[in-house]
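Subject: A structure for you to look at

Dear colleague,

I am handing over the structure below, and after it I set out what I found, taking one part at a time. Please keep the view open while you read, so that you can look for each residue as its name comes up.

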Amino acid sequence: VQLQASGGGLVQAGGSLRLSCAASGRTFSSYVMGWFRQAPGKEREFVASIGWNGYSTYYADSVKGRFTISRDNAKNTVYLQMNSLKPEDTAVYYCAARFSPYSTGIQYTGSSDFSSWGQGTLVTVSS
């Protein structure tokens, strides 16, 4: 599957952004989808994941209660709604996919768990 992330930009602290990730192919619902981020000088870290049907979601503690991951299988798209943004959320955000039919996906939080990656979209939060 090929992934194309979009929606990044510059926002003030406390603001919101919605990232989108469009996937190619006809088996999108067979993939667990995830969002990761990488801040300058830091390692890539897990942000959120969502199972095949959208009912199971999992979040990093740092974003829980502020970010919401969702998916629209009819549109082959996964979203990351980011609210109450903080300067420490500044990073390049990547969407990722793992072929795992009928999986809730909650066990997949490492970069190595996902085989397909988008190109990344930059989110900058100013203080």
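I begin with one pair of residues in neighbouring strands: Ala91 has Val123, in E11, as its bridge partner. Please bear in mind throughout that this is a predicted model, and that every value below was computed from it.

Around that pair there is more to see. E9, to which I turn now, covers residues 91-99, and E11 covers residues 121-126. These two strands pair in the antiparallel sense, with 3 bridges between them, and Tyr93 is matched there with Thr121 of E11. E9 also pairs with E10, a strand of residues 116-117, again in the antiparallel sense but over 2 bridges, and in this pairing Ala97 has Ser116 as its partner. Another partner of E9 is E4, which spans residues 31-38 and runs antiparallel to E9, with 8 bridges joining the two. If you would like one place to look in that pairing, take Trp35, whose bridge partner in E9 is Cys95.

E11 has a further partner in E2, the strand of residues 9-12, and here the pairing is parallel, over 4 bridges. Within it, Leu10 is bridged to Thr124 of E11.

Which side chains of E11 point to the buried face, and which to the other? Thr121, Val123 and Val125 point to one face and are buried, whereas Leu122, Thr124 and Ser126 point to the other face and are not buried. This is a good place to recall a general point, namely that side chains in a regular strand alternate between the two faces of the sheet.

Stepping back to the whole chain, you will find 11 strands and 0 helices, so that the order of elements from the N terminus on is simply β-β-β-β-β-β-β-β-β-β-β. The radius of gyration is 13 Å, which agrees with the value near 14 Å that a compact globule of 127 residues would have. Measured out along its principal axes, the C-alpha trace spans about 40 × 25 × 25 Å. Of the 127 residues, 46% are buried, and the chain exposes about 6,400 Å², of which carbon and sulfur atoms supply 47%. If one takes the contacts between residues at least 6 apart in sequence, 61% of them join residues at least 24 apart. As for charge, there are 11 positive and 7 negative side chains, and the centres of these two sets lie 7 Å apart.

Finally, I would ask you to look at four residues in the loops.

Asn76 sits in the loop between E7 (67-72) and E8 (77-82). Is Asn76 buried or exposed? Its relative accessible area is 16%, and because buried means under 20%, Asn76 counts as buried. Leaving aside residues up to four places away in sequence, Asn76 touches Cys21, Ala22, Ala23, Ser24, Gly25 and Phe28. Asn76 and Lys86 are 10 residues apart in sequence, and their C-alpha atoms are 29 Å apart in space.

Glu43 belongs to the loop between E4 and E5 (45-50). With a relative accessibility of 69%, Glu43 counts as exposed, because the cut-off for that word is over 50%. Even so, Glu43 touches Arg37 and Gln38, if residues up to four places away in sequence are not counted.

The other two, Ser84 and Tyr102, can be read together, as each has a positive phi although neither is a glycine. Ser84 lies in the loop between E8 and E9, its phi is near 50°, and with a relative accessible area of 41% Ser84 is partly exposed. Tyr102 is found in the loop between E9 and E10, its phi is near 60°, and at 66% relative accessibility Tyr102 counts as exposed.

With best wishes,
A colleague

Definitions and conventions: Residues numbered from 1 in each chain as written. Predicted model: local features only at pLDDT ≥ 70, side-chain atom pairs only at ≥ 80, totals over all residues. Heavy atoms only, no water. Rg over C-alpha atoms; globule rule 2.2 N^0.38 Å. Buried < 20%, exposed > 50% of the residue type's maximum accessible area, 1.4 Å probe, protein only. Contact = heavy atoms within 4.5 Å. Areas by Shrake-Rupley, 256 points an atom, 1.4 Å probe, with all protein chains shown as cover. Lys, Arg positive; Asp, Glu negative; His and termini not counted. Charge placed at Lys NZ, Arg CZ, Asp CG, Glu CD. Pairing = 2+ DSSP bridges.
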